[in-house]
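Colleague: Please give me a close look at one part, the inside of this structure. I am new to the vocabulary, so spell out each term when you use it.

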Amino acid sequence: MRRVFDRPHAVGPLWRLTALAVALVVLAPLVALAWTALGAGVAHWAHLFEHVLPRAAAQTATLLAGVGLLTAVVGTGCAWLVTRVDFPGRTVLRWALLLPLTVPTYIAAYSYVDLLHPIGPFQGAVRALLGFDSPRQFRLPDARSMGGAVLVLSAVLYPYVYLSMRAMFATQPARLLEAARLLGEGPWGAFRRVALPMARPALAVGVGLVLLEVLNDVGASEFLGVSTLTTTIYTTWVTRSDLGAAAQIACAMLAMVALLVWLERQGRRRQRAGSLRAMRAAAPRRLRGASAWLATTAALLPVLIGFVLPAGHLAVLAWKRASEGHGLSSEVVSGAMHSAGLALSVTAIAVAAGLVVAWAARSTGGAGRARAWWLGSAALGYAVPGTVLAIGLLPPALAVDGWIAGALGLPGLPLMSLGAVLVVACAMRFLALPIGGVEAGLARLPAPLEQVARSLGETPFGTLRRVHLPLLRPALTASALLVFIDVMKELPASLLLRPANVETLPTLLYAEAARGSYEHGALAALLIVAVGLPAVLLLSREPAAPATTMPPEPSVPPVSDARFEAKTSAALPP
């Protein structure tokens, strides 16, 4: 009886058809991508395999390995410090370590290339300390290198690992670590042989998200001189106007994405390690003296490198421009308005579509395969790099645009000119966020609420409108905010699909950097960083759990932010 009472009612066919349509729309660019790649012929492959793919694939693999390793070390170390050790500044650093997420990878790259330039402020200060007068006497290695790219990307992406590992370490039972200490293990041995193996699923999730962000990057890799598969796709299309070859490289890149997801799932295969009911969490060990300040320095360094230095440099450049009479220019105002309009449009579409898909999937009942297919297909866009999604979306978008122009007698390409194609691409890309947020919110609501409403005569839509939507308002608000922020920072899709003579804040900054006048876009970059700050407030919240007991049988511990849950469930399905 209870099993029947707890099961959600099935929705009508309209909900299912709408969810199916959303899933098919998201899948359409991938089908079109494969079709375009096959239609380009095999002559491209000989050239690609001989001159393009080996170097791009090797540099992509090197970048992924370097960033993955460095973010794993930094994120895990910082998470262990703030959860297991008490030191000065620990309370502030728990949330401050998330601040680098507000700095997009391309902004960090532009900032550090300017900071570390041979005649820049950092190298000038070093030469002054060492007694040298010019860059010919002393200069540091060029930041535009593979090593520079690994360091810059790791500095702003490690919070993904830190967030997942912090949640895992915070919920590990104290008695296992105490047992290890009683058996003769020191603090390092208990961490290496007990805590770290138990946290492997969370480590796999965090590193997997980092690697997908690296694959999606265009601006930082290109500016730092690293020829990845993503930058190769962009240059093949934009410079050579060869859509077929770009589609073929994109298919090769999708194979790498699939490999990353498979490796991440292998890392989480045995993530459930038995019941952890009624176990107390380990209390942090208080440090004193030099060791305490050493821990503070170690936890503070990633914040300085990943946020304070690039954001501070942007603020200095913007202040200098303002003092010279170049304040808020018309280009920045126009770019901000275009970015805000794009973000608002995408947010409305993505949240509405995500609500439909999540509600239809929840109410499918026993059709587990249909539910998994809906959710997986509709949320697939986040696992696909923006450049690849844009390449796949272009052929069907041009076909529909041509048909509309012919039917209505309109000149040119109306959908592309109005920016509708870019809106659709971004909605596909970030649909995972509202789906994950709404699904997480629905999972926390007791099923009897819906059953009571239905027993009182409410229809499925009435139950959603009068019962679930008021309770889902926090999840919907958080999802909308996070979609808005991510669209404001989106560069790859905006570069390729924006209407002619229309600039958003990221594309405006990209254009200034390409012209070598990065300081002219400092205010635009500062606005992008400021927009990301609300996301840190959401991410900094701790998961609600009793102080003396552990949640039953955790796998990857629940994090109370919609963004991390959505990205994990979409890009790295369990």
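Modeller: Start with how the chain is tied together: of the contacts in the protein chain with a separation of 6 or more, 83% are accounted for by residues 24 or more positions apart. Contact here means heavy atoms within 4.5 Å. The model is predicted, so local features need pLDDT of at least 70 and side-chain atom pairs count only at pLDDT 80 or more, while totals for chains, interfaces and linings use all residues. Residues are numbered from 1 along each chain as its sequence is written, and side-chain values use heavy atoms, with hydrogens and water left out.

The protein chain has 27 helices and 2 strands; these are DSSP runs, H or I of at least four residues for a helix and E of at least two for a strand, numbered from the N terminus. Of its 574 residues, 53% count as buried. Buried means under 20% relative accessible area, exposed over 50%, and partly exposed in between, with a 1.4 Å probe and protein chains only.

Now the empty space. Rolling a probe the size of a water molecule over the atoms shows where such space is left. A cavity is a set of points, on a 1 Å grid over the protein atoms alone, where a 1.4 Å probe fits but cannot get out; its lining residues have an atom within 4 Å of a point. Grid points are joined across faces, edges and corners, and a volume is the space filled by probe spheres set on the points. There are 3 cavities of 30 Å³ or more, and the largest holds about 340 Å³.

The lining of the largest cavity has 24 residues, and those nearest its centre are Pro-104, Thr-105, Glu-213, Asn-216 and Lys-489. By type, the lining divides into 13 nonpolar, 3 polar and 8 charged residues. Ala, Val, Leu, Ile, Met, Phe, Trp, Tyr, Cys and Pro count as nonpolar, Asp, Glu, Lys and Arg as charged, and the others, Gly among them, as polar. Several helices supply at least two lining residues each, among them H5 (105-115), H10 (200-216) and H22 (460-489). Helix H7 gives the most, with 3 residues.

Helix H7 also contains Arg-166. Arg-166 is buried, at a relative accessible area of 3%. Its side chain reaches the backbone oxygen of Arg-94 at 3.0 Å.

Other helices have buried residues too. Gln-59, in helix H3 (residues 43-84), counts as buried at 19% relative accessibility. Leaving aside residues up to four places away in sequence, Gln-59 touches Met-146, Gly-225, Val-226 and Ser-227.

In helix H25 (residues 522-531), the buried residues are Ala-522, Ala-524, Ala-525, Ile-528 and Val-529. They lie on the same side of H25, because they cover an arc of only 165° around the axis, the arc being that of the directions from the helix axis to the C-beta atoms. Ala-522 has a relative accessible area of 0%. It touches Leu-314, Leu-317 and Ala-318, again not counting residues up to four places away in sequence.

For contrast, look at Asn-501, in the loop between helix H23 (492-497) and helix H24 (505-514). Asn-501 counts as exposed, at 81% relative accessibility.

Notes. On a 1 Å grid over the protein atoms alone, a cavity is a set of points where a 1.4 Å probe fits but cannot get out, and a pocket is an open set with protein on both sides within 12 Å along at least five of seven lines; lining residues have an atom within 4 Å of a point. A polar contact is a pair of N or O atoms within 3.5 Å; within protein, one must be able to donate a hydrogen and the other to accept it, and residues adjacent in sequence count only if both atoms are side-chain atoms.
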